[in-house]
Amino acid sequence: RPDIPASIEIHFAASNPRGERYLSTRNFMQHAERSQTPDGTVMLPGPVEHMLHMVVHNHFTHRNATFGVTPLKGLYEFAWQISRSSDDDVRAMRLRAARNPRLLAALELWFAAVTQWFGVRLPDDIEIPGDAVSRWVRLADRLRHCRLPSLTTALAEEVAMIRARSEGVSGVAQA
């Protein structure tokens, strides 16, 4: 397909158990779009689920949050997808993520990353919180210098962002 600038990954589930709680296979498939080709039919993710899956897949499934890092390849793909998405889809993705404080924290971190590193423009009514920006600055420094934080530091960063988005719920349990 001319609109997908990467290889196709075939999956039988949207994620592994770490990611499934943030974007379930059932939800993923409910919003999938059927695409008929000369060779058969495939189900492709809906635009909102596709963007969210990039965050879930990299941040949770691959445990980058656990290690306090963010993969450049994942950020690049996310930036490319957002830059080609409608403002309504980006807003819908943020609204969907807001149902879970940890998912929202991850998405806002990724928003900070793609706006600062790739110059991606978000809809005017989406603001990136200061804690997401400052966490991204620390992560970017780690990327530049090939450094990993301690697991305690990585957990503390994740918990602080979750707590800031939770209504009286500790971020520790969710992280």
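**Exercise 1.** In this predicted model, find what sign the phi angle of arginine 63 has, just after helix α3, and then work out what end-to-end span the 15 residues of α3 should have.

*Solution.* Start at the residue itself: arginine 63, which comes just after α3, takes a positive phi of about 60°. Then turn to the helix, which runs over residues 47–61. Since the expected span is 1.5 Å times one less than the number of residues, α3 should span 21 Å, and the 20 Å between its end C-alpha atoms agrees with this. As a last step, look at how covered the helix is: 13 of its 15 residues are buried.

**Exercise 2.** Determine which parts of the chain are tied together by the salt bridge between arginine 121 and aspartate 87, and classify the exposure of arginine 121 and of aspartate 87.

*Solution.* The two side chains meet with an N to O distance of 3.2 Å. Arginine 121 lies in the loop between α7 and α8, whereas aspartate 87 belongs to helix α6, so the pair joins parts that are 34 residues apart in sequence. Arginine 121, at 52% relative accessibility, counts as exposed, because the cut-off for exposed is over 50%; aspartate 87, at 26%, is partly exposed.

**Exercise 3.** Carry out the analysis for the salt bridge of aspartate 131 and arginine 165.

*Solution.* Here the N to O distance is 2.7 Å. Aspartate 131 lies in helix α8 and arginine 165 in helix α9, so this pair ties together parts 34 residues apart in sequence. Aspartate 131 is partly exposed at 25% relative accessibility, while arginine 165, at 15%, counts as buried.

Conventions. Residues numbered from 1 in each chain as written. Predicted model: local features only at pLDDT ≥ 70, side-chain atom pairs only at ≥ 80, totals over all residues. Heavy atoms only, no water. Helix = DSSP H or I, 4+ residues; strand = E, 2+ residues; numbered from the N terminus. Buried < 20%, exposed > 50% of the residue type's maximum accessible area, 1.4 Å probe, protein only. Salt bridge = Lys/Arg side-chain N within 4 Å of Asp/Glu carboxyl O.
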